[in-house]
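Here is a friendly walk through one protein model, written for someone who thinks at the bench. Please keep the sequence and the 3D view open as you read.

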Amino acid sequence: MAQFFNEPSRTFSEYLLVPGYTGPDCIPANVDLSTPLVKFRKGEEPELKLNIPMTSAIMQSVSGERLAVALAQEGGISFIFGSQTAENEAAMVARVKATKAGFVPSDSNVRPDQTLADIVFLKEKTGHSTVAVTEDGTAAGKLLGIVTSRDYRVSRMDPATPVSTFMTPVDKLICAKEGVSLAEANDILWDNKLNQLPVLAEDGRLLYFVFRKDYDAHKSNPMELLDSKKRYIVGAGINTRDYETRVPLLVEAGVDVLCIDSSEGYTAWQQRTLDWIHQNYPGMRVGAGNVVDAEGFRFLAKAGADFIKVGIGGGSICITRETKGIGRGQATAVIEVAQARNEFFKETGEYIPICSDGGIVYDYHMALALAMGADFLMLGRYFSRFDESPTDKLLVNGTYVKEYWGEGSNRARNWQRYDLGGDKKLTFEEGVDSYVPYAGPLSDGVRQSLAKVRSTMCNVGALTIKELQDKAKLTLVSATSIVEGGAHDVILKSSVNK
């Protein structure tokens, strides 16, 4: 006979935190949001930690290389989406790893016979104002000059103007030679009051740029998540089909951690994938999931997962529950899996972090998920709204929006994520194609959201995520109390002044 759960599965919106004692030292500035990313044994430190409990979802519309850099600057990590060729994904990882090293491959390049219109298009596409002019228009071509925003005025020039007529030619540039150290390159930048320094091979081919802003960025981003070589830490998504070809390329590119991207993780295919990676790349850390109960957690824990993702059907663009009738309310799933994680730790001395993936609608849900036991969060819709996500910003009905689509939608057609060992195709949709309100730069949004989390933690009397989990008192709320919690029985000025 089927097993029935007596209690309904709950969402984050059905809970509130009850305040605890707030001592004089419990202020937001003293809150430490660092958290383990991968498993570790009792008495040891985890090999990888996050400075903030935020990761970006393994999605085409979320985790590109630009967002990976922006999130690492804030102290979190992105998992580059795997629903692309293994070669393209590895190249993205390599470019993220190259960025913090200070030597940045050029992503905006033109030939000298191209036009001002091409320059404007590239700036809109990449957001970067420095464009390399190379002989063949590639990032590795012979450098002929550069174009920056100082070299042209769109309002005063014909869009058909050839680049060769307004670029700064290479003989008027200060360049560095291959082999220059980052410290030496920074000295050249500062001594010559430059914003960018091209680094050239002996034959004049462009290798990298070194930017003054990268030096300045470190000063304004004290929470940066860096490896031992001062490069940004970055993850990558993999599937249970082509891991034997994809993983070697990602490892060679310098990926720090992998995550199996699947809608449901309690499967033989995830165990096979974990076994293969541990046998062939024993030092590589890899997360798995998704699961929604203790049984699923224990399966992946014993299979060797380094962290485990929790959540099925709770994402804003996910329709798995509607189409297949599987899943669980995110709050209930996190609570049960966190209890299983704690029991497993007591039994084995091995702590396996869990990631709450989905169900976050409001910022306060982040604090609730952490209080319920999540070590960190994976967010899709949240990050898709920012400048750095890889999607287009559009003006729809007078409002700026960003595109956002699910990996199970017809647009993404990421059949590997929903693979059950059958045909290599997406039989039906498990995600939708949508818009989300545009929210500006990632740094502004993340810092505001985490300011709320820190404040909530102080209300509970906690200065760390572990203290939050130990001290939190959670209460279920009725439908009426949810209404009471918002503005009510008043006439809002915003509605009158419209």
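Ring pairs join Phe40, Phe345 and Tyr351 into a cluster. Before going further, please note that this is a predicted model, and the values below are computed from its atoms.

**Aromatic rings**

How many aromatic pairs does a search of the whole structure find? The search returns 15 aromatic pairs. One of them is formed by Tyr362 and Tyr364, whose rings are stacked, with 6.0 Å centre to centre and 10° between the planes. A pair of aromatic rings is described by these two kinds of value, the distance of the centres and the angle of the planes. The angle of 10° earns the word stacked because planes under 30 degrees apart count that way. Are these two tyrosines buried or exposed? Tyr362 is partly exposed, at 48% relative accessible area, and Tyr364 is also partly exposed, at 35%.

Two other tyrosine rings have a basic residue over the face. Arg385 lies over Tyr382, at 4.8 Å from the ring centre. Lys393 lies over the face of Tyr438, at 4.5 Å from the ring centre.

**The second largest pocket**

Tyr351, a member of the ring cluster, also turns up in the second largest pocket, among the residues nearest the pocket centre. The others named there are Arg341, Asp375, Lys466 and Gln469. The pocket holds about 670 Å³ of space, and 26 residues line it. Elements giving two or more residues to this lining are β2 (35-36), α10 (330-348) and α14 (465-471). Which element gives the largest share? That is α10, with seven residues. By character, the lining divides into 10 nonpolar, seven polar and nine charged residues.

**Cysteines**

A search of the whole structure finds zero disulfides. A disulfide is a covalent bond between the sulfur atoms of two cysteines. Why does Cys355 not form one? The closest cysteine sulfur, in Cys259, is 7.4 Å from the sulfur of Cys355, so the two are too far apart for a bond; the cut-off used here is 2.5 Å. Cys355 is buried, with a relative accessible area of 0%. Cys175, in contrast, is partly exposed, at 28% relative accessibility.

**Helix α1**

Helix α1 spans residues 65-74 and is mostly covered, with eight of its 10 residues buried. The buried residues are Leu67, Ala68, Val69, Ala70, Leu71, Ala72, Gln73 and Glu74. In general, an α-helix has 3.6 residues a turn, so residues three or four places apart point the same way. Just after α1 comes Gly75, which takes a positive phi of about 110°.

**Backbone details**

Where in the chain is there a cis peptide bond? The bond from Gly289 to Asn290 is cis, with omega near 10°. Gly289 is found in strand β16, and Asn290 also has its place in this strand, which covers residues 286-291. Gly289 counts as buried because its relative accessibility is 0%, and the cut-off for buried is under 20%. Across 23 residues of sequence, Gly289 and Tyr266 are 7.2 Å apart in space, C-alpha to C-alpha.

Two residues other than glycine with a positive phi are set out here.

| Residue | Phi | Loop | Relative accessibility |
|---|---|---|---|
| Lys193 | near 55° | between α4 (182-191) and β12 (196-200) | 72%, exposed |
| Asn397 | near 55° | between β21 (393-396) and β22 (399-405) | 78%, exposed |

Both residues count as exposed because their relative accessible areas, 72% for Lys193 and 78% for Asn397, are over the 50% cut-off.

The strand before the loop of Asn397 is β21, and Leu395 has its place in β21. Is Leu395 buried or exposed? Leu395 is exposed, with a relative accessible area of 54%. Leu395 and Gly283 are 112 residues apart in sequence and 46 Å apart in space, C-alpha to C-alpha.

Technical notes:
Residues are numbered from 1 along each chain as its sequence is written. This is a predicted model: local features need pLDDT of at least 70, side-chain atom pairs count only at pLDDT 80 or more; totals for chains, interfaces and linings use all residues. Side-chain values use heavy atoms; hydrogens and water are left out. Buried means under 20% relative accessible area, exposed over 50%, partly exposed in between (1.4 Å probe, protein chains only). On a 1 Å grid over the protein atoms alone, a cavity is a set of points where a 1.4 Å probe fits but cannot get out, and a pocket is an open set with protein on both sides within 12 Å along at least five of seven lines; lining residues have an atom within 4 Å of a point. Grid points are joined across faces, edges and corners, and a volume is the space filled by probe spheres set on the points. Helices (H or I, at least four residues) and strands (E, at least two) are DSSP runs, numbered from the N terminus. Ala, Val, Leu, Ile, Met, Phe, Trp, Tyr, Cys and Pro count as nonpolar, Asp, Glu, Lys and Arg as charged, and the others, Gly among them, as polar. Rings of Phe, Tyr and Trp (its six-membered ring) pair if their centres lie within 6.5 Å; planes under 30 degrees apart count as stacked, over 60 as edge-to-face and the rest as tilted. A charge sits over a ring if NZ of Lys or CZ of Arg is within 6 Å of the ring centre and within 35 degrees of the ring normal.
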